[in-house]
Amino acid sequence: MKTPRFMAVLVAMVALAIAGCGSDDSDEGAAPDAEKATQAKASGNVTWCIGKDTTGAFGTVIDNFNKANPNANVKLLELPEDAGEQRRLQVQRLQAKSTECDLLGTDVIWTAEYAAQGWLLDVSDFISQSGDKFIPSTVDTTEFEGKNWAVPFNSNAGFIYYRTDQVDQAPDNWEDLYKEAEENDGVVYQGFRYEGLTVNFLELVYSAGGSVLSEDGKEATADSQEVKDALTFMADGVKNGAAPKAVTTYKEEESRRAFESGNATFMRNWPYAYALGKDSKIADNFDIATFPGFAGNEGAGVLGGYNLAISAYSKNPEGSLAFAEFATDPEQQKLMATEASLPPTVTETYDDPAVKKAMPFAEELRSAIEQAQPRPVSPVYPQISEAIFNNVYAALQGEMSSDEAASKMNEEIQKALETF
Amino acid sequence: MEAATAKLGRGRKKRGKTYGSEERRLAALLLTPAMAVIALVAAYPIGYAIWLSLTEYSVRVPGKWRFAGFDNYTEAFGSSEFWDAVKNTFVFTGISVTLELAIGLGMAIAMHEAFKGRGLLRTVVLVPWAVLTVVSAITWRTLFEPNLGLAPQILEAIGIGGDIVWLGQEGYAMAVMILADVWKTAPFMALLLLAGLQVIPDDVYDAAKVDGATTWQRFRRITIPLLMPAILVALIFRTLDALRIFDLPYVLTGGSNGTTTLSLIAHQELTANRLIGYGSALSVLTFIIVMAVSFIYIRTVGGNIRSLAEEG
Amino acid sequence: MEASGGVVTPGTGVREGEKEREEARAVARRGPRRNWVRPLFMWIAVVFICVFCLFPFYWLINVSLKTGSDLASSDIFPPNPTLDNYSSIFKNDNFTAALKNSVIITTVTTILALIVGAFAAYALARLRFRRKFLLLAIILSISTFPAIAIAAPIFKLWTDIGIYDTRIGLIIPYLTFALPLAIYILTSFFKEIPKELEEAALVDGATYFQAFRKVVLPLAAPGLVTAGLLTAFFVWNEFLLAVTLTSSPDAFTVPVSVANFTGSQKFEVPLGTISAASVVITIPLVLLVIIFQKRIVAGMTAGAVKG
């Protein structure tokens, strides 16, 4: 007589849970009917959620905007420096339909995922009105299913930094670079088990002419010779000491610190490290060079950078769009280039003399960006990237042979594509 | 539930005792708030988690879901990441609890003997416990950071590999994690065991000495058996905590290099990969494993609880 | 409450006032010969324990006093000690907001846990009703739940009813996890109080509730302090639920803030500021521990010694 009562309560709770589940889904419609953000009006509060403002440049842009628009108040909400953490925190808020973030600083690789979930507002009208202000490849990173979901904010393509007091110039191919690294203090890059490793890896693969995902995004193509060659090359580099073993714990900041403290001859990193390097103890002893090639081909860059996307739950989409417009104004883009080495997405900025002075490699940077390739575009990109960086990491640690790593990577990418 | 049955059984006899209705009503009144909170926050979510584990939510299309039966569980059992997490969790638990027990016992004995320093020691020993888990993880991560950390330098000085990238290599990262946990909890164990030591009457030792027992024999045949209840309690608390560990690997290594534990992998699947169904299945599996161990607890140390539940 | 030989502190099993007798016994235990060996080993052990326990905390303080390029070295003493890190963290709105949230959430949860727990503990300790053991077992088993198991469902639930990223959204689950421990400790303490005292009050015509309020509660004060301290420690420390259920300064707590510290300096990994923040949030706990160490130990060992 007593136990059935307990059971009844338990069953009731489970039933409640199921019922709760059912009504949950009828509230969530499918994504595609997303709202558009067309009006830009500089008023109200805007919270801008973006990764750490390492140089203070974001703060300056915000100040400029607030001063020029007394009716508006933009506030910076800094997320951790790690892109993976930024995404996790943005996704957490978006899943909770939080109204806290109006404008999101989204890594170029999150566009497809966020748009597919209906978390972003359609800004296609704004983009088409901008004509050819932006570098086309950067606009590509804002596209998903034929619409634009973000405004290109800054771009990125990798470079090689090298110590001028140890080598005369950076070699034009990776094979020679590793050889010279072995003879000197080594090469550092982003070898930790995260997105950065995917980038480093794809730079080699793309240069060799390979790919991991088919053009239409439906099939994995990672079980290829180019991929295996890249894996072998990277793994051997660690094994032979061209790259220190610690490289597998490095993200951007760690590799930059290793290079700046004089512990490496070469470094692969984004342009941002240039300005910071000029403030460090090796300020006079380093320079920057364009990407070396691999397997006899030209160097290939992987497009990085951040876009500005408006949250579908924002209470102030007009203000957010107004700020996005302001931040992609040539003046502000110039400011970020000169103060933070953040590559502009606006084509004409690269011609500005002040920009060329702060970034002597401005010309190369623009062409690098124009020619860089995006990472695989897919709503399940996070899983694809995980498949890549997990297996590359295993190969670097010597836990798997290149063949095994390539085929496991392929398998996992294929599985990710079939995600429900 | 208890209140309801109490009302039903008004005045009925059980084992020859009668329960006054005022008492029962009062008991119901006093217990309801606690049970209500527990039902809301523990029972309902567990039920919901079990339900979620039987579904699959689409990662591509928001809102789309399907009933997946045991597919998530099958996937977990077939996934090498899951079994790695199980292995890591149990290895971590086994080694850290053993070390904490041994070191804690040593500390307890030292504290028991060292009469002059006892007050100081008791305070000093609680400092690691007072440090936030997150802070402790950050501290140890800083101490072992390649290029900047003090620990690799010290270890190199005493001859342990200058080549090792501590947090960057499998096995070594786990060693650091165990070290961090032992640092934080061995003192806690020491206090639990010290309390147990202090209750052992000296006469027992004196009698044994008169009979010619050596220090070791006294330790083995008197100290350990009489300390057993305290050891068991300490053991169970620590084991359950170690099985559930999350803060430490999350902050220390993010789960790489063989430090992913059950809680961590469930969290990653839920948040990073947004696989609600699969992540819930992993959470439920974690729950089952921990509850199984705690069930063993209730069995062995149940006498403790029984005494609390007994009359008067 | 006076038994012969001094006042008993529940759980520690030590009678105060017997210290001198125990010390004499300890000396006798050591024996007449070679009585410098054992003390020597003991002192070595004491020193080792102190270094082992205190060094990492010292290291934290050390790093917190360094800035700029000093951080890149691993000096044991800060070459240019400065309090810059400390002043900058208090200027960091996120950190001060997290401090405020943690204080509020901890205080409210502790008070609620003590009230609700005391009621439940009294019922369990004194009143008679069926299947007490089952109830106690269920309550205790809650404290063994892995937080991850309920994190996602509560996230979904809280999102739907709108208390995601609020303080109350954390207080409720914290209360659930704190109650078992509080109930367990308080039940042990209540049981130590002789029933005769209440029965005398009941005979004089008081209701159960009055007996509870006027007789039991005051005597159980030490137990309440212990339960309160341990609850407060747990809540202050909790990370997984805090990270899952909050995202903004509206509600996130200190552990979340420290783990996500972006620092208020413009530079790299803000090790200096993270360490300063860590020291700031740990010092109050250390002080509490120093003041209340007897109570804390009593709480931890409640039941352990009885076995």
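1. Let's start with chain C of this predicted model. The secondary structure of chain C comprises 13 helices and zero strands. Followed along the sequence, chain C therefore reads α-α-α-α-α-α-α-α-α-α-α-α-α, where helices are DSSP runs of H or I with at least four residues.

2. Staying with chain C, here is how its residues pack. Of the 307 residues in chain C, 51% are buried. Among contacts in chain C with a separation of 6 or more, 75% join residues 24 or more positions apart.

3. Chain A offers a sheet to look at. The sheet is open and has five strands, in the order β2-β1-β3-β11-β6 (chain A), with mixed pairing. Which strands of chain A stand at the edges? They are β2 (72–79) and β6 (151–156) of chain A; each has a single partner strand, so one side of each lacks a neighbour in the sheet. From one strand to the next, the twist averages 20°.

4. One pairing in that sheet can be followed down to a residue pair. Strand β1 (residues 44–51) of chain A pairs with β2(A) in the parallel sense, over eight bridges. For T47(A), the bridge partner in β2(A) is K75(A).

5. A helix also belongs in this picture of chain A. Helix α12 (residues 317–327) of chain A lies across β1, β2, β3 (103–107), β6 and β11 (304–310) of chain A. Relative to β11(A), helix α12 of chain A runs at about 150°.

6. On to chain B, where the domain assignment gives domain 1 (2–53) and domain 2 (81–309). How many residues of domain 1 of chain B are in contact with domain 2 of chain B? Five are, and they meet seven residues of domain 2 of chain B. On the side of domain 1 of chain B that touches domain 2 of chain B, four residues are nonpolar, one is polar and none is charged.

7. A word on confidence in chain B. Its mean pLDDT is 81, and 87% of the residues of chain B reach 70 or more. Among the elements of chain B, helix α3 (residues 71–78) of chain B has the highest mean pLDDT (92), while helix α1 (residues 2–8) of chain B has the lowest (41).

8. Please take some care with the start of chain B. Over residues 1–18 of chain B, pLDDT stays under 50, and the model has 24 contacts beyond four places in sequence for this stretch. Predicted coordinates should not be read in detail where pLDDT is low.

How values were computed
Residues numbered from 1 in each chain as written. Chains lettered and ligands numbered in written order. Predicted model: local features only at pLDDT ≥ 70, side-chain atom pairs only at ≥ 80, totals over all residues. Domains from an automatic or database assignment. Contact = placed C-beta atoms within 7 Å. Nonpolar A, V, L, I, M, F, W, Y, C, P; charged D, E, K, R; others polar. Helix = DSSP H or I, 4+ residues; strand = E, 2+ residues; numbered from the N terminus. Buried ≥ 20, exposed ≤ 12 C-beta atoms within 10 Å, placed from the backbone. pLDDT = per-residue confidence, 0-100. Pairing = 2+ DSSP bridges. Axes fitted to C-alpha atoms, helices over the stretch in contact; angles between N-to-C directions.
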